[in-house]
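Hi,

Here is the structure I promised to pass on. Have a look at it first, and then read my notes below.

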Amino acid sequence: MRYLETKKHQAHINTFLRFFTLISALTTFLAFGKNNFALVINEWRWQLFLVLIICFVYTAFRRFYAYMITFFVLLTVNYFAVSSVATLHASSQDGTSVLFVDNHDDMPSLFDFVTAELPDIVFVSKVDSLSFPRPGEIPEQYTFLHSANSENSGFMLSRLGIEQSGRINIGGTYADFVKTNDEAKGVIYVAVDFSELSFPQIRTALNNLSTFVAEQDNPVVVFGNFNAVAWSAPMSKFIFKNNLTVKNGLWDNLRNIIIPQHYYILAYEKSNVAGSIMVNGLNSFPIFTRF
């Protein structure tokens, strides 16, 4: 009886491994496509890579060598597809700090957090007009940039000296920017929020943003929610075209293990900049809020 149970169990394992091998192989290679379906699959390459590592270790331990070799090939392909643009760990956590805040209506809690952490650049993506900050609420260390021009418009704050600031239309959305003139003289910080854009709209926005970046004579730092992974076709094209690198790593935020990484800091290789996201209830844990 035990022999039959063992044989049945082994059959279930073989069936699962065959099924998962087929699915992971199809996912790995279909993700190289350029249609919307391929872009969606491509979003999950990093998560697939992590699962393939587990499967590789399991099959190596159980001495299923054919599966082990197959999983090794697949995880290698996915690793190089991801690492060609993204990084595992941040190259530096020193230097200028930026804070990205999603739609936020509780100004007192926001400014309490900002006062405690003192990031150099703060970008709030959307704020209801009724909750828009009044002049007396803004911490005295900061310069307020860009008044609301629509019902849900966001704003920027800067603790650095300001030479120029503004908002540019990049097609379907806006990007706020500020050019500093103190210790980080001449650096242009551009904040984006593509959270409501589709893949075609993201491609258009990045193409328009690329034009803006190419026109600058100063170093540029682009940060925010790109609503796409760095190794996607629109993002990788934007990064390589403008000689930028990803400054935040996949291991910098535990959420990247579960869901695709969409928050990025893009800058030149020698730029030192670190970022964080304001997440209610998790602000005391950098491993959940760092990007």
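What follows covers one strand with its partners, and then one asparagine.

Before anything else, keep in mind that this is a predicted model.

Let's start with the strand. β1 takes in residues 96-101, and five of those six residues are buried, so the strand is mostly covered by the under-20% cut-off for relative accessible area. β1 has a parallel partner in β11 (residues 273-277), and five bridges join the two. If you want a spot to click on, Ser97 stands opposite Ala274 of β11.

β1 also pairs with β2, residues 121-124, again in the parallel sense, this time over four bridges. Here Val98 is the residue to look at, as it stands opposite Ile121 in β2. To get from β1 to β2 the chain passes through helix α5 (residues 107-117), and this β-α-β crossover is right-handed.

Now for the asparagine. Asn256 sits in helix α8, which spans residues 255-258. Is Asn256 buried or exposed? Its relative accessibility is 8%, and the cut-off for buried is under 20%, so Asn256 counts as buried.

What does the side chain of Asn256 have by it? One of its polar atoms lies 3.2 Å from the backbone oxygen of Leu250. Setting aside neighbours within four places in sequence, Asn256 is in contact with Trp46, Gln47, Gly249, Leu250 and Gln261. Leu250 therefore turns up in that contact list as well as in the 3.2 Å pair, if you define contact as heavy atoms within 4.5 Å.

Cheers

Conventions
Residues numbered from 1 in each chain as written. Predicted model: local features only at pLDDT ≥ 70, side-chain atom pairs only at ≥ 80, totals over all residues. Heavy atoms only, no water. Buried < 20%, exposed > 50% of the residue type's maximum accessible area, 1.4 Å probe, protein only. Pairing = 2+ DSSP bridges. Right-handed = clockwise from strand over helix to strand, strands pointing away. Polar contact = N/O pair within 3.5 Å; in protein donor to acceptor, adjacent residues only side chain to side chain.
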